[in-house]
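Could you walk me through the cysteines of this protein, one stop at a time? I have the structure open in a viewer and would like to know what to select next.

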Amino acid sequence: MIRIRLGSSVIQFRRTVALAAAVCLLVAAGLLYLLNDQEGQFSQNINSIPGTFDKQNVGKNELGLLEQRLQRLEEELQNNRQMLGQIKETVRELTKDSSYGGIDSYLLLGNSHSFTSRLNRSSAHVMMEDCHFCGLPLVKSDIEMHDEYEKIKFDNPNGGVWKQGWNIQYNSEQWNKKKLKIIVVPHSHNDPGWLKTFERYFNDQTRHILNNMVVKLKEDERRRFIWAETSYLALWWEKIDNNAKKIVKRYLDSGQLEIVTGGWVMNDEASTHYFAMVDQMVEGHQWLEHHLEYKPKNGWAIDPFGMSPTMAYLLRRMGLDNMVIQRVHYSVKKQLAQKKGLEFLWRQSWDQNHTTDITCHMMPFYSYDVPHTCGPDPKICCQFDFKRLPGNKVNCPWRVPPVAISDKNVESKAWTLLDQYRKKSQLFRTNVVMIQLGDDFRYDKISEWDQQFSNYQKLFDYMNQREDWHVQAQFGTLEDYFTALRDETGLDERKYPTGLPTLIGDFFTYADRDDHYWSGYFTSRPFYKNMDRVLEAHLRGAEILFSLVWARMAHVGRDQVPFVEALMKNLVESRRNLGLFQHHDAITGTSKDPVVIDYATRMFQSIQKLQHVICQSSLYLLSNLQGHYTFDPNAVLFQIDEVQELHSSISKKFPLTFSSSVRKRKIFVYNSLSYSRREFLRLHVSTPNIEIRNSSGRILPVQISPVWEGSRILEGQFEALFLVEVQPLSLTSYSIESSGGISSGVTRATVTLYNVESLPDSKDFPLRVVDTPPEFSISSNYFTAVFSGADGMLRRIINRDDYSVTEARIQFLMYGTRPKGRDRSGAYLFLPDTAAQDIKYSRPHIRVIQGPLFSEVVVFLPDVEHHIRLRNSPGTDGSGIEIYNIVDVAREVNKELIMRFYTNISNQDQEFFTDLNGFQVIKRKIYDKIPLQGNVYPMATMVYLQDNRTRMTLVTGQPLGATSLKPGWLEVFLDRRLNQDDNRGLLQGVLDNKRTPSIFRLLLERRSYRSSSEGISSYPSLLSHHASLSLLHPMFNMIQLEKSLESKNVITGHDLNLHSMLTLMGQPLPCDIHLVNLRTLQAPPGGSASFLPSNSTALFLHRFGFDCHFKAVGLNCSTNKGKVSVDKLFPDLFGTSMEESSLSLMYTGNSISKFSTIQIPPMEILTLRLSRR
């Protein structure tokens, strides 16, 4: 039995009657189409984009008119034949005894034409030379972490005082000929937000640490100190006097003070994207250059929860020589320590020429605090943390407190400490050992400076005067340590320390003790992880447009300083807010609730400011009056149609409204990518009766669908979907006109509902309730997705190119946590009680939307609203299946929601691949010797399974945790709600869950020929790279505002004589080169103006490594061996010369001509400094 709502009437009849009626409607529609007068307005087929003949465009010449009419007649005859073929096909589908319940066949009710013709899809043209890279053999190294994981037992025996190691012994005579050199590095780890907000930490502690430093370092020139977080340094710099600034610069010049890494923050390395990692480093390094004329040389990452080789690559390309890391799995540390491999040259898995190696020092023990840095015995080391002297608030948990050093005890204390130093040195290959002296927010009291430095200096003086001890101990910085290391080892021909092993791999997933794996934070607070990616897209889009505005003003010869200064201020503040969120307690979701709100509010405000920059920059660029009109930064013409009302709410579409006096509206689409795009664009409009034209005036096919709020249809709002074709880096207009009646170019979607008792009210769409079939399906021209009628979940996918079938069953499940009395999951840790359990539900509400351009299945489950979408698009959005979830676990107690795929892909040895920071991919393997939580890995942009024939890639729009626990399985964590702290210092659970969107694109790619991946590195396909770019950088839709409809300060568009289309790039980049950013550098501070742009712009280009075995469908681009000419990208802008630069712009290389051709090697990021003139 079928129930259909047409307007306000509900019609109920049997399936056979529905079949006959549908056939009659189809035949009648076809006959009417054939009899339609040739002079009338003909319907457009989607394959005819862009448009058909429009008689308003006919010239006065009779012959031309006749010729065009004959051409049109010929086209329409072809359309008629296609229409008859479509009718026949539809009848065949409807008459099948299909177990799919007939949903796959689009029910044409009231539609005058069909859009089912297949769009021509282009494919990328890839040069054979560009396929050489993906076939190269694996890069060799002395230590390969994948091999080490095979060897490590992960059995965690008790090692004695060093519980995670062993009882270290040494021969005291080994230093008789060469002294042991001890470098003690005082430091203070300052989180830019964690238990307190960034500004509260600064006011309560950080400013005192820095103020004390100014005073106390000068008391003894042997004292040293290192500092990492430029965000705090910048805030402090604004508040101190010129005398203090001079003292700081003196300390830097003398080497008493070293700034390490120099980023805005010490960023997380699991959830972060390389765009934001680079951006926050550039912001930090630019600040240091402008205010201190300082260039960091050494990296310092002691607190991120797992380490990525992407960060090693970035630091090396920024010009840093060395780095220090800490949080690595304790079993990995032990394994490396046993072979004296804790210091190594960290090598990239794809770097055949070894140009990116960087010297890395891994701290061997549990933590970076004083008890775990002087040596293997924390009970002894704690006695040398003089902040813990009796009377202070901090004490030693081993109940043996420190004592002040005096003449009476200095010998015994110095010997006890030296014994720890010697034991620690046995884990390394040289006679130089680094000892860290600090902890979180240390040295905020004058008393600690006195207690630590005075007592240690007494110990050093005594040690150094004992010739028979063969030791030299001193305070030092990282630069002091690595200089001593290089002096000890000597340098090879590449200027690297000799004798150190090379290492390839990453250091995920981190465990600090027992089976406590820090895989929970990969997913904690996913709402804000998603918001991070939205902010990144806005910042990149705004940076590029602003840079072109500033360059264009130089070309025009008229700088509009108030306008650009206002926009630059928004950019700088947004850079810093994004940078702040890359902190390892921010994007990780491991801060207290008020701190999370502070981060979120900053991001929310930055998104609004960046939307303003995008709109105002677009306005300037589109105007033909740049040399005459004075642009007001507060007078607006555009508004981006994605509106987020609160920092904690999901964004909504700003509807395009019409009135009796305003029947025509215009939008401008901004494509920030350097490739042309053919994708569907979605608008909300106030009437279904519209006509959409492109910038050439051609009418476009449109699908109108309901706008839903849960299970209710919103009246007076409609979703309009249409195909846009936009050039690389361009602004393109589309007009939307209220037609007052049914438009021939518009089709309304049909709605089919399962497991509902009543139909929602709608007078605008055909609705029907159908008995649930065993299976049903929806189709695009490229895929058919088959679903279970029992639960509405995806079952399999049929590729309509080759009719291959991939099992891809989706299921939502829940993990719990361990019972009370045991360690339990929290913000950091994932400690499940059992395997994931099915979500219990029956007969879920299922909604099927179908139309010629777009079809969707929506299933309403407990805790998740699940969407599967297919688009008839010739671009990347049609090359896969979109999955969109709205997750709400607020009613759960100690649960973690996952989405699992069960496939028929035979991934050998339970291997799968995850990306690292959107920059590279790494092979993962499931180990039975590691608990479930240790087999979960970070997924920043994608994860894939593959066999010899098929690869299934899940591209994600937000960072989450992922794993593949059994062959053919793939699961992604969506959200987690946890009632308790996991004893890692946060002192709270995760209970601030929001309604959270998550978006994915599922790609199924067939290898062009069967091949084995053994012995070679794995890379994403070119399609998956572009699918990721499409998800992370959607097109911006700007509504042109009308004064009569808005309350804002709206200017009149026609006064500015706007272009209808503007291409901002001379030619597109090759398929495999991505425009990472085009960033105008801030001018050095001076005078009252703080936010003036400089005359330099940084261009960042990244050449992807990609697997050539997969056809790149949906792409209209080509490769050219990585060659780029900046003159061809921006022929009319920027000066004729440019400079090669290190990645964060600290170092400048050769000056080269803008007209020269540059070749970028695969995987590398190129940075060029362009001049305005």
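Here is a short tour of the cysteines and the bonds between them.

Before you start, keep in mind that this is a predicted model. It holds four disulfides. If you count the bonded cysteines along the chain, their pairing follows the pattern 1-7, 2-3, 4-5, 6-8. We will visit three of these links, then two further cysteines.

**Stop 1: cysteine 131 and cysteine 1108**

Select these two residues and zoom in. They form a disulfide, with 2.2 Å between the sulfur atoms. This pair links distant parts of the chain, as its two cysteines are 977 residues apart. To see where each one sits, show the secondary structure: cysteine 131 is in the loop between α2 (62–95) and β3 (143–144), while cysteine 1108 is in the loop between β47 (1093–1103) and β48 (1123–1125). Now look along the S-S bond. The torsion there is about -95°, so this disulfide is left-handed. Turn on the surface next: cysteine 131 is partly exposed, at 21% relative accessibility, whereas cysteine 1108 is buried, at 19%. The two fall into separate classes because buried means under 20%.

**Stop 2: cysteine 134**

Stay with cysteine 1108 and add cysteine 134 to your selection. Why is there no bond between them? The sulfur of cysteine 134 has its closest cysteine sulfur in cysteine 1108, but the distance is 4.4 Å, which is too far for a bond. A disulfide needs the two sulfur atoms within 2.5 Å. Cysteine 134 is buried, with a relative accessible area of 5%.

**Stop 3: cysteine 1071 and cysteine 1117**

Move on to this pair, where a disulfide spans 1.8 Å from sulfur to sulfur. Is the link left-handed or right-handed? The torsion about the S-S bond is about 110°, so it is right-handed. Cysteine 1071 lies in the loop between β45 (1061–1063) and β46 (1073–1082), and cysteine 1117 in the loop between β47 and β48, so the bond ties together parts 46 residues apart in sequence. Cysteine 1071 is buried, at 0% relative accessibility, and cysteine 1117 is buried too, at 15%.

**Stop 4: cysteine 374 and cysteine 381**

Now select cysteine 374 and cysteine 381, joined by a disulfide with an S to S distance of 1.9 Å. The torsion about their S-S bond is -85°, and the link is left-handed. Both of these cysteines are buried.

**Last stop: cysteine 615**

Finish by selecting cysteine 615, which is buried, with a relative accessible area of 4%.

Key: Residues numbered from 1 in each chain as written. Predicted model: local features only at pLDDT ≥ 70, side-chain atom pairs only at ≥ 80, totals over all residues. Heavy atoms only, no water. Helix = DSSP H or I, 4+ residues; strand = E, 2+ residues; numbered from the N terminus. Buried < 20%, exposed > 50% of the residue type's maximum accessible area, 1.4 Å probe, protein only.
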